[in-house]
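Visitor: I would like to take a close look at one single part of this model, the place where its chains come together. Could you take me through it slowly, explaining the terms as they come up?

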Protein chains: 2
Amino acid sequence: MPTDSRLPRVLHVLLHLDQIGDPVTSEQIGQMLATNPALVRRTMAGLREAGFVASTKGHGGGWQLLKPLEEITLADVYAALGSPHLFAVGQSSDNPACLLEQAANAATLQALEAARDVFQSELARMTVAELVKPHAETIKAFQSNRDR
Amino acid sequence: MPTDSRLPRVLHVLLHLDQIGDPVTSEQIGQMLATNPALVRRTMAGLREAGFVASTKGHGGGWQLLKPLEEITLADVYAALGSPHLFAVGQSSDNPACLLEQAANAATLQALEAARDVFQSELARMTVAELVKPHAETIKAFQSNRDR
DNA sequence: TCTTTTGTAACTTTAATTGTCACGAAACTT
DNA sequence: AAGTTTCGTGACAATTAAAGTTACAAAAGA
């Protein structure tokens with residue numbers, strides 16, 4: 001299956017929405033993400049349900065930020081996407097009869113759960129607003145260059 | 001794609017090989033894993049290259065442990081499988097031009113790398129021999145029941 | 001020589017996301 | 001009121017890597 005790229009994609013979109021302010025159409029977002037409007041709507045639906053963005057129809061409509069990026073953690077975004085399945089690796093089978101297989105599964109699961117916990121807590125440590133901080137200088141340089 | 005279950009599967013097999021001692025054919029292992037011999041051979045190939053097991057052809061042949069399970073960590077097994085791709089989640093695209101997309105990708109990657117590091121270190125903390133310890137009583141009870 | 005067993009190549013199946021198309025519904029414009 | 005824009009959603013094909021399957025050559029024991 002194609003790799004699930006919804007998390008970085010919607011983060012990217014949220015940053016643009018914040019920068020633009022005005023409503024942005026799914027068509028425009030589709031160009032940012034190099035994909036088509038229908039996929040954008042599907043992917044953004046969770047963010048709307050979570051109350052992070054609003055979508056309006058008709059002329060001048062599109063997607064808009066409802067909540068400041070300072071108040072949204074990456075974990076919130078991941079949850080809004082429905083907490084997509086994180087791992088390509090999993091157990092051999094559920095409820096195996098063989099005790100040795102149970103032990104092998106349990107050990108695998110333990111490592112996966114530890115990894116998932118760290119993934120989630122890493123996401124929780126950062127708001128979407130903070131996301132650009134490590135890149136702030138590069139972005140500022142680019143913008144002053146552009147505005148010149 | 002079907003979930004990658006090679007790690008728990010080969011752990012399961014190593015435990016059986018240790019318990020049995022004699023060579024076990026791919027056919028027999030296939031029955032343990034509810035799959036077919038060709039897949040067993042493909043999956044076990046990495047363990048052979050790593051020197052953990054040996055495979056012998058002809059009558060009485062099959063797969064045998066070469067190294068004590070006390071000397072093989074789960075991380076060693078994972079590496080012997082070729083360190084399969086761990087995540088179903090990934091970045092939006094490699095080398096995006098957009099700086100905001102770069103920032104979104106970097107934040108995602110940071111969380112994924114932290115998770116991968118924990119996964120690997122969890123695997124490194126345990127040998128295959130230790131794997132059964134949490135289940136030792138259940139297994140002992142089953143065996144004495146069986147031998148009675 | 002015959003049988004067992006591995007090694008490997010080639011191909012199909014599987015699963016979940018991405019990508020695409022279509023069309024109804026809502027909201028703005030004139 | 002009519003027309004245009006835009007979202008919402010359903011349906012289906014494309015993608016990708018592992019699992020599953022088949023076939024056969026090669027090695028080794030009987």
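Visitor: What share of the interface residues of chain A are also interface residues in chain B?

Guide: This is a predicted model, in which local features need pLDDT of at least 70 and side-chain atom pairs count only at pLDDT 80 or more, while totals for chains, interfaces and linings use all residues. Residues are numbered from 1 along each chain as its sequence is written, chains are lettered from A and ligands numbered from 1 in the order in which they are written, and side-chain values use heavy atoms, with hydrogens and water left out.

The share you ask about is 100%, so the copies meet through the same surface. A rotation of 180°, with 0.0 Å of shift along its axis, superposes chain A on chain B with an RMSD of 0.1 Å, the fit being by least squares on the C-alpha atoms of residues with pLDDT of at least 70 in both. The two copies are therefore related as by a two-fold rotation axis.

Chain A gives 50 residues to the contact, and chain B gives 50 residues as well, where contact means heavy atoms within 4.5 Å. The two chains bury about 4100 Å² between them, with 75% of it on carbon and sulfur atoms; buried area is the accessible area (1.4 Å probe) that two parts lose on being put together, summed over both. On the side of chain A, the residues that lose the most area to chain B are Ala88(A), Leu99(A) and Leu100(A), which together account for 15% of what that side buries. The elements of chain A that give two or more residues to this side are α1 (6–20), α5 (99–124) and α6 (136–147), helices being DSSP runs (H or I, at least four residues) numbered from the N terminus. Helix α5(A) supplies the largest share, 19 residues.

Two residues of helix α5 let us look more closely. Ala104(A) has its place in this helix and is buried, with a relative accessible area of 0%, since buried means under 20%, exposed over 50% and partly exposed in between (1.4 Å probe, protein chains only). Leaving aside neighbours within four places in sequence, Ala104(A) is in contact with Pro8(B), Leu11(B), His12(B) and Leu131(B). Asn105(A), also found in helix α5 of chain A, is buried at 2%. Not counting residues up to four places away in sequence, Asn105(A) touches several residues, among them Ser92(A), Pro96(A) and Pro8(B). A polar atom of the side chain of Asn105(A) lies 2.9 Å from the backbone nitrogen of Ser92(A).

What about charged pairs? Side chains of opposite charge can pair when their charged atoms come close. Across the interface of chain A and chain B, however, the rule finds zero salt bridges, a salt bridge being a side-chain nitrogen of Lys or Arg within 4 Å of a carboxyl oxygen of Asp or Glu. The structure holds four salt bridges over all chains, including one between Asp4(A) and Arg6(A) at 2.7 Å, N to O, in which Asp4(A) is buried at 13% and Arg6(A) is partly exposed at 35%. Another joins Asp4(B) to Arg6(B), with the closest N and O atoms 2.7 Å apart.

Conventions
A polar contact is a pair of N or O atoms within 3.5 Å; within protein, one must be able to donate a hydrogen and the other to accept it, and residues adjacent in sequence count only if both atoms are side-chain atoms.
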